[in-house]
Amino acid sequence: MFWFLLIAMVVVVAAVTLAVVGGGDGEVLPEAEPEGLVDPLPAARPVGRADIEALRLPVAARGYRMADVDDVLARLGAELAERDARIAELEAALAGAQAAVARPDLFKKPGEEDAS
């Protein structure tokens, strides 16, 4: 049994050595094209929830491709900043409208008395 295991080990080591060292003149693995985003985020309209749920980032050897993740995060950050600015603008306009309604004297003409 010992001799059988020893011979088997020598054959395996020899096969691995030949595969690594004597791989031939050609390239062992052809150069593969890097995988890209299949459906990137839409450029012509704001990003919606369905766009985020449908987004699939390509996988690389050590996880996700850093450039694709950075692009998606930059786009989402810009969209969130735009929405935050728009929300702040609308809240300011609403506060101004509420202040105008809270002061009924703003709608009186000069020289008009309060009838109450």
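This report describes the helices, one aromatic pair and several salt bridges of a predicted model.

**Two helices**

Helix 1, which covers residues 2-21, has 20 residues and reaches 28 Å from its first C-alpha to its last, close to the 28 Å expected at 1.5 Å a residue. This helix is hardly covered, since the count of buried residues among its 20 residues is zero. Helix 3 runs over residues 66-102 and has 37 residues, and the reach from its first C-alpha to its last is 53 Å, close to the 54 Å expected at 1.5 Å a residue. In helix 3, Asp 68, Val 72 and Glu 79 are buried.

**The aromatic pair**

A pair of aromatic rings is described by the distance of the centres and the angle of the planes. The structure holds one aromatic pair. The ring centres of Phe 2 and Trp 3 are 5.6 Å apart and their planes stand at 70 degrees, so the pair is edge-to-face, given that an angle over 60 degrees counts as such. Both Phe 2 and Trp 3 are exposed.

**Salt bridges**

Side chains of opposite charge can pair when their charged atoms come close. The structure holds six salt bridges, and the table shows three of them, each with its N to O distance.

| Salt bridge | N to O distance |
|---|---|
| Glu 53 and Arg 49 | 2.8 Å |
| Glu 79 and Arg 83 | 3.8 Å |
| Arg 86 and Glu 89 | 2.7 Å |

Glu 53 and Arg 49 both lie in helix 2, which covers residues 49-54, and they are four residues apart, about one turn of the helix. Glu 53 counts as partly exposed because its relative accessibility is 47%, whereas Arg 49, at 68%, counts as exposed.

Glu 79 and Arg 83 both lie in helix 3, again four residues apart, about one turn of the helix. An α-helix has 3.6 residues a turn, so residues three or four places apart point the same way. With a relative accessible area of 12%, Glu 79 falls under the 20% cut-off and is therefore buried, while its partner Arg 83 counts as partly exposed at 39% relative accessibility.

Arg 86 and Glu 89 also lie in helix 3, three residues apart, about one turn of the helix. Arg 86 counts as partly exposed at 44% relative accessibility, and Glu 89, with a relative accessible area of 49%, is partly exposed too. Salt bridges that share partners join Arg 75, Glu 79 and Arg 83 into one network.

Methods. Residues numbered from 1 in each chain as written. Predicted model: local features only at pLDDT ≥ 70, side-chain atom pairs only at ≥ 80, totals over all residues. Heavy atoms only, no water. Helix = DSSP H or I, 4+ residues; strand = E, 2+ residues; numbered from the N terminus. Expected span 1.5 Å × (residues − 1). Buried < 20%, exposed > 50% of the residue type's maximum accessible area, 1.4 Å probe, protein only. Phe/Tyr/Trp six-rings, centres within 6.5 Å; stacked < 30°, edge-to-face > 60°. Salt bridge = Lys/Arg side-chain N within 4 Å of Asp/Glu carboxyl O.
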